[in-house]
Amino acid sequence: MYAIVETGGRQWRVEPGSQLKVNRVRAEVGSAYMLDHVLIAHDGQAARVGQPYVAGAKVLCEVLDHHRGPKTITYKFRRRENYRRTRGHRQPCSTLLVKSIELESSR
C-alpha cells in the first residue's frame, strides 16, 4: 500500500514506516499529524486517482523532530562596482514517520 501526498508545495510517495523530511509543520514533537492532500492512493489491488485529491483518504504521521536543513549560500556580484553581497539561509524542516494510510471503503 502506498500513497502520493502533497505537503509544503512538494509531492511525496509514502508507505507505512517511511520517513519524510518536509517543511516545518505546526505540531509538537511526538504528536500525531494528518496529511489529507492525497493525490493517488494504491491499496494493493487498485489505484485511486484524485481530482485533485482522493476523497476520504488520509495519511497519519508522527512528528519525530524539528531541525534546520543544510545551509544555502547566495552571492551577488557586480563587476567594477565593488558590490558584493553574501547571504545564507537554512530552511526549517520537520521529520515525519508515516504510521498508516487510511482509505474510504466505498468508491
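This text walks through strand pairing and salt bridges in a predicted model.

One open sheet holds four strands in the order 2-1-5-6, paired antiparallel. Strand 2 (10–14) and strand 6 (47–49) form its edges; each has a single partner strand, so one side of each is left without a neighbour in the sheet. On average, neighbouring strands here are turned by 15 degrees against each other, direction ignored. Within this sheet, strand 1 (residues 2–7) runs antiparallel to strand 5 (residues 38–42), and four bridges join the two. Val5 faces Val38 of strand 5 as its opposite residue.

Another set of pairings involves strand 10. Strand 10 (residues 92–102) is joined by five bridges to strand 3 (residues 19–23), again antiparallel, and Lys21 stands opposite Thr95 of strand 10. Strand 7 (residues 58–68) also pairs with strand 10 in the antiparallel sense, over ten bridges. There Glu62 is opposite Leu97.

Side chains of opposite charge can pair when their charged atoms come close. The model has three salt bridges. In one of them, Glu62 meets Lys99 with N and O 3.2 Å apart. Because Glu62 belongs to strand 7 and Lys99 to strand 10, this contact ties together parts that are 37 residues apart in sequence. Glu62 is partly exposed at 23% relative accessible area, and Lys99 is partly exposed at 47%.

Lys58 and Glu102 form another salt bridge, with their closest N and O atoms 3.9 Å apart. Lys58 lies in strand 7 and Glu102 in strand 10, so the pair links parts 44 residues apart in sequence. Arg13 and Glu15 also form a salt bridge, at 2.8 Å from N to O; Glu15 is partly exposed, with a relative accessible area of 37%.

Methods:
Residues are numbered from 1 along each chain as its sequence is written. This is a predicted model: local features need pLDDT of at least 70, side-chain atom pairs count only at pLDDT 80 or more; totals for chains, interfaces and linings use all residues. Side-chain values use heavy atoms; hydrogens and water are left out. Two strands pair if DSSP finds at least two bridges between them. Axes are lines fitted to C-alpha atoms, for helices over the stretch in contact, and angles run from 0 to 180 degrees between N-to-C directions. A salt bridge is a side-chain nitrogen of Lys or Arg within 4 Å of a carboxyl oxygen of Asp or Glu. Buried means under 20% relative accessible area, exposed over 50%, partly exposed in between (1.4 Å probe, protein chains only).
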